[in-house]
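Let's take a friendly look at aromatic rings and what sits around them. Keep the structure in view as you read.

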Amino acid sequence: MTHTNFTDGSLQRLRRISWEEVMSIWKDGEAWQDSWKQHWEERGFGSWEDWRMHYLQPYHPETLEWSLYRITDPLATVPDFFGAPSRNWIEKAYGGEMTKRLRDVVQLPFVTENAKINAVRGHFPNKVMLVAFLHEKRIILIEGMHRSCAMATWDPAVPFQSEVTIAIARWEGSELLISNRNQ
């Protein structure tokens, strides 16, 4: 998959999208879930927005240019994405590296035994939007790890009917920053 220009057809550019719209769609997709509410409250945050922006703020996502793409074949494309650079994933799935390709970690017990990933696979939403950075020719997820791992481990005998889009912005920083979201 060519990550720099998406000429292989795996991603079809739909339009520009504002950071505010990305956050709104993201919030609508998860802020209502009790498990996420418990997660942010346990970490001392007063709201979903406070929690999410805490770990994204070093990237200043509101200053980046975002585009929305349709993933034409999610089950073939998503396994080539790289995982979010969060402490939990770095420690439990990436062997201390900042990120790894999903296809290289989905066989690990941290993924195969993950109750949230298994639940998502069993009840995959009809429409989802992932969020990622394009950095050094790699698409690196910053949102949507559970759904992406579910797609990367999808049983090919089970029809996949969902519409999957991804909001992407170029991250020009010299290196990725470790997300604080799992602290």
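In this predicted model, the count of aromatic pairs comes to 10. A pair of aromatic rings is described by the distance of the centres and the angle of the planes. Take W66 and F133: their ring centres are 5.9 Å apart and their planes stand at 35 degrees. Stacked pairs need an angle under 30 degrees and edge-to-face pairs one over 60, so this pair is tilted.

Where do W66 and F133 lie in the chain? W66 is in strand β2 (residues 66-71), and F133 is in strand β3 (residues 127-135). The two are 67 residues apart, so the pair links distant parts of the chain. Both also belong to one aromatic cluster, which is formed by W19, Y59, W66, F133 and W171.

Are these two rings' residues buried or exposed? The table gives the relative accessible area of W66 and F133, together with D50 for your interest.

| Residue | Relative accessible area | Class |
|---|---|---|
| W66 | 1% | buried |
| F133 | 1% | buried |
| D50 | 45% | partly exposed |

W66 and F133 count as buried because their values are under 20%. D50, at 45%, falls between 20% and 50%, so it is partly exposed.

D50 lies in helix α3 (residues 48-56). D50 and W40 are 10 residues apart in sequence, and their C-alpha atoms are 8.6 Å apart in space.

Finally, a ring can have a charge over its face. Here R138 lies over the face of F82, at 5.0 Å from the ring centre.

Methods:
Residues numbered from 1 in each chain as written. Predicted model: local features only at pLDDT ≥ 70, side-chain atom pairs only at ≥ 80, totals over all residues. Heavy atoms only, no water. Phe/Tyr/Trp six-rings, centres within 6.5 Å; stacked < 30°, edge-to-face > 60°. Helix = DSSP H or I, 4+ residues; strand = E, 2+ residues; numbered from the N terminus. Buried < 20%, exposed > 50% of the residue type's maximum accessible area, 1.4 Å probe, protein only. Lys NZ or Arg CZ within 6 Å of the ring centre and 35° of its normal.
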